[in-house]
Each structure stands twice: as structure tokens, then as C-alpha cells.
Amino acid sequence: MRIREVEISDDMIRLGQFLKLAGLADNGAHARDLVESEEVTVNGRLETRRGAQLRDGDVIAVGNEKARLVTGR
């Protein structure tokens, strides 16, 4: 399975924001639902905090879709 890379200009982003940016969630409410339903993993571990801070290289997965955070710095 291919992991899509999503670049941001800062050095961190919150999980809920990243889910929307990467197209893994349709909107903020959908992102919240995914996290609350325990459907999101970060680096292979279940993440239940929508406000969790993500950093360069983190791999976020929802179902079979995966995206890697790449920072512009």
C-alpha cells in the first residue's frame, strides 16, 4: 500500500487538522467522529486525542488509507 505524503509549512499540526488537510476526513465533525470511533492510528498506535500534535515523519492511518506528514522546514 502506498503512503501519500502531505507537506505543511510549520513544524507541527494537530491530528484533527491533518485529517482534513490530507483528505482522510471530510470536515472537522468527521475528523472528530473518526477519532472518537477509534479508527485513527498514528505510527501504528491508536490515537484518541483529536488535538494530538503530529510531527515530521508521523504516519496517520484511517482504515486502508495512510498519509505521512512532511514538514517544509
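In this predicted model, the largest nonpolar core counts 20 residues, and the members that touch the most others are Leu-15, Phe-18, Leu-19, Leu-24, Val-40, Leu-54 and Ile-60. Several parts of the chain chip in here: E1, helix H1 (15-21), helix H2 (28-36), strand E3 (40-42), strand E6 (59-62) and E7 each supply at least two residues of this core. Leu-19 gives a good look at how these pieces come together. Setting aside its neighbours within four places in sequence, Leu-19 is in contact with Leu-24, Ala-25, Ala-31, Val-35, Val-40, Ile-60 and Val-62.

Two of those partners, Ala-31 and Val-35, lead on to helix H2, where Ala-31, Leu-34 and Val-35 are buried. Viewed down the axis of H2, the buried residues fall within an arc of 95°, so they line one face of the helix. The reason is a simple bit of helix geometry: an α-helix has 3.6 residues a turn, so residues three or four places apart point the same way. As for what this face meets, the buried residues of H2 pack against H1, E3 and E6. Both ends of the helix have something to show as well. At the start of H2, a side-chain oxygen of Asn-27 comes to within 3.1 Å of the backbone nitrogen of Ala-29. Just after H2, Glu-38 adopts a positive phi of about 60°.

Next comes the sheet. Strands of a sheet pair through backbone hydrogen bonds, either parallel or antiparallel. Here, five strands make up an open sheet in the order E1-E7-E6-E3-E4, and the pairing is mixed. E1 and E4 are the edge strands, each pairing on one side only. Further in, E3 and E6 run antiparallel and are joined by three bridges. Val-40 stands opposite Val-62 in E6, and both of these valines are also on the contact list of Leu-19.

Out at the edge, Leu-46 sits in strand E4 (residues 45-46). With a relative accessible area of 45%, Leu-46 is partly exposed. Its contacts, again leaving aside neighbours within four places in sequence, are Glu-38, Val-40 and Thr-41. So much for touching; there is also a spacing to report, with 8.9 Å between the C-alpha atoms of Leu-46 and Val-35, which are 11 residues apart along the chain.

That leaves the charged side chains. Side chains of opposite charge can pair when their charged atoms come close. Searching the whole structure turns up three salt bridges. In one of them, the side chains of Glu-5 and Arg-68 meet, with an N to O distance of 3.8 Å. Glu-5 lies in strand E1 (residues 4-8) and Arg-68 in strand E7 (residues 65-71), so this pair ties together parts that are 63 residues apart in sequence. Glu-5 is exposed, at 55% relative accessible area, while Arg-68 is partly exposed, at 26%.

Another salt bridge links Asp-33 with Arg-32, and their closest N and O atoms are 4.0 Å apart. Asp-33 is partly exposed, having a relative accessible area of 38%, and Arg-32 also counts as partly exposed, at 34%. There is also a salt bridge between the side chains of Arg-49 and Glu-47, at 2.9 Å from N to O. Here Glu-47 is buried, with a relative accessible area of 12%.

Terms used. Residues are numbered from 1 along each chain as its sequence is written. This is a predicted model: local features need pLDDT of at least 70, side-chain atom pairs count only at pLDDT 80 or more; totals for chains, interfaces and linings use all residues. Side-chain values use heavy atoms; hydrogens and water are left out. Helices (H or I, at least four residues) and strands (E, at least two) are DSSP runs, numbered from the N terminus. Buried means under 20% relative accessible area, exposed over 50%, partly exposed in between (1.4 Å probe, protein chains only). Contact means heavy atoms within 4.5 Å. A nonpolar core is a set of buried Ala, Val, Leu, Ile, Met, Phe, Trp, Tyr and Cys residues joined through side-chain atoms within 4.5 Å. The arc is that of the directions from the helix axis to the C-beta atoms. A polar contact is a pair of N or O atoms within 3.5 Å; within protein, one must be able to donate a hydrogen and the other to accept it, and residues adjacent in sequence count only if both atoms are side-chain atoms. Two strands pair if DSSP finds at least two bridges between them.
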